Amino acid sequence: MPVEITWWGHATCTVEDSEIRVLTDPLFTRRLAHLRRRRGAPPPPEAAVADLVLVSHLHADHLHVPSLARLAPGTRVLLPRGARRAVPGLRKLAHLRLTEVEPGTSMKVGGLVVRAVPASHDGRRIPVGPHRSPALGFVVSGEARTYFAGDTGLFDSMAEEVGDVDVALLPVGGWGPYLGPHHLDAGRAAEALARIAPRSAVPVHFGTYWPIGMDAVRPHEFHTPGEEFVRRSAQLAPEVAVHLLGHGECVRPEVAR
């Protein structure tokens with residue numbers, strides 16, 4: 001079966017590989033604190049069907065306890081080391097198989113091997129949280145090698161840590177008018193693409209959530225990151241096929257044989 005990737009919005013994707021459904025950073029809500037889902041309906045119920053869930057870091061738009069609660073009993077969830085100490089709400093999820101990992105951790109799940117890799121991002125639950133956990137990316141290896149970057153900035157060892165991959169799921173924007181440090185915008189994401197050099201890429205983490213009451217503040221930061229990433233990638237990494245998806249759309253990217 002060809003590898004298939006579905007983007008549900010923000011950093012939430014389903015990667016189907018080797019008959020395993022992998023779900024990334026599930027966020028199924030219309031509203032999160034001061035953020036509302038401005039584009040696209042929340043993912044349908046089938047988006048919560050997964051064999052394995054990857055959580056990249058502890059920020060609430062990536063580790064969303066109510067969304068995790070919708071997963072079926074017995075679903076395995078990989079979380080950054082220290083997550084259960086930092087996020088007490090995880091204690092309510094007794095129906096899930098929570099496993100804490102750190103950069104360098106690898107595990108086999110069915111026909112897949114999942115490897116946690118570093119990310120350059122604040123790993124605390126909130127910016128003033130007392131407990132630190134590593135922010136992570138993941139490389140999922142089966143019929144394809146798929147890199148899910150989570151949230152990250154550029155860092156010197158990125159290509160070395162990620163290794164040879166077929167597909168990269170890269171953040172290209174954010175949820176507000178200004179990106180803080182340790183994030184990728186469209187230009188930096190295109191530079192990351194040139195460093196990693198996958199066969200295909202899917203831009204994520206843009207055009208979904210936006211602060212309430214700020215629709216008119218720097219609207220290009222909401223609307224344009226996907227198209228800008230396509231444009232910049234054509235300049236910096238023209239050999240990479242970039243698949244710009246709408247919410248709920250899927251692609252079967254070409255992989256090495």
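The second largest pocket of this predicted model is lined by 15 residues. Nearest its centre lie Leu179, Asp185, Ala186, Glu221 and Pro225. Three helices each give two or more residues to this lining: α4 (186–196), α5 (220–223) and α6 (225–236). Ala186, one of the central residues, falls at the start of α4 (186–196). Glu221, also listed near the centre, sits within α5 (220–223). Pro225, another of that group, opens α6 (225–236). The volume of the second largest pocket is about 170 Å³. Its lining is mixed in character, with 6 nonpolar, 5 polar and 4 charged residues.

Enclosed space was examined next. Rolling a probe the size of a water molecule over the atoms reveals where empty space remains. The count is 1 cavity of 30 Å³ or more. The largest cavity holds about 30 Å³ of space. Its lining consists of Leu78, Val101, Thr105, Ser106, Met107, Val114, Arg115, Ala116 and Phe138.

Two strands each supply two or more of these residues, namely β9 (106–109) and β10 (112–118). Strand β10 gives the most, with 3 residues. Val114, Arg115 and Ala116 belong to the lining and fall in the range of β10 (112–118). Ser106 and Met107 also line the cavity, and their positions lie in β9 (106–109). By residue class, the cavity lining divides into 6 nonpolar, 2 polar and 1 charged. Arg115 is the charged member of this lining. Thr105 and Ser106 are the polar ones.

Methods
Residues are numbered from 1 along each chain as its sequence is written. This is a predicted model: local features need pLDDT of at least 70, side-chain atom pairs count only at pLDDT 80 or more; totals for chains, interfaces and linings use all residues. Side-chain values use heavy atoms; hydrogens and water are left out. On a 1 Å grid over the protein atoms alone, a cavity is a set of points where a 1.4 Å probe fits but cannot get out, and a pocket is an open set with protein on both sides within 12 Å along at least five of seven lines; lining residues have an atom within 4 Å of a point. Grid points are joined across faces, edges and corners, and a volume is the space filled by probe spheres set on the points. Helices (H or I, at least four residues) and strands (E, at least two) are DSSP runs, numbered from the N terminus. Ala, Val, Leu, Ile, Met, Phe, Trp, Tyr, Cys and Pro count as nonpolar, Asp, Glu, Lys and Arg as charged, and the others, Gly among them, as polar.
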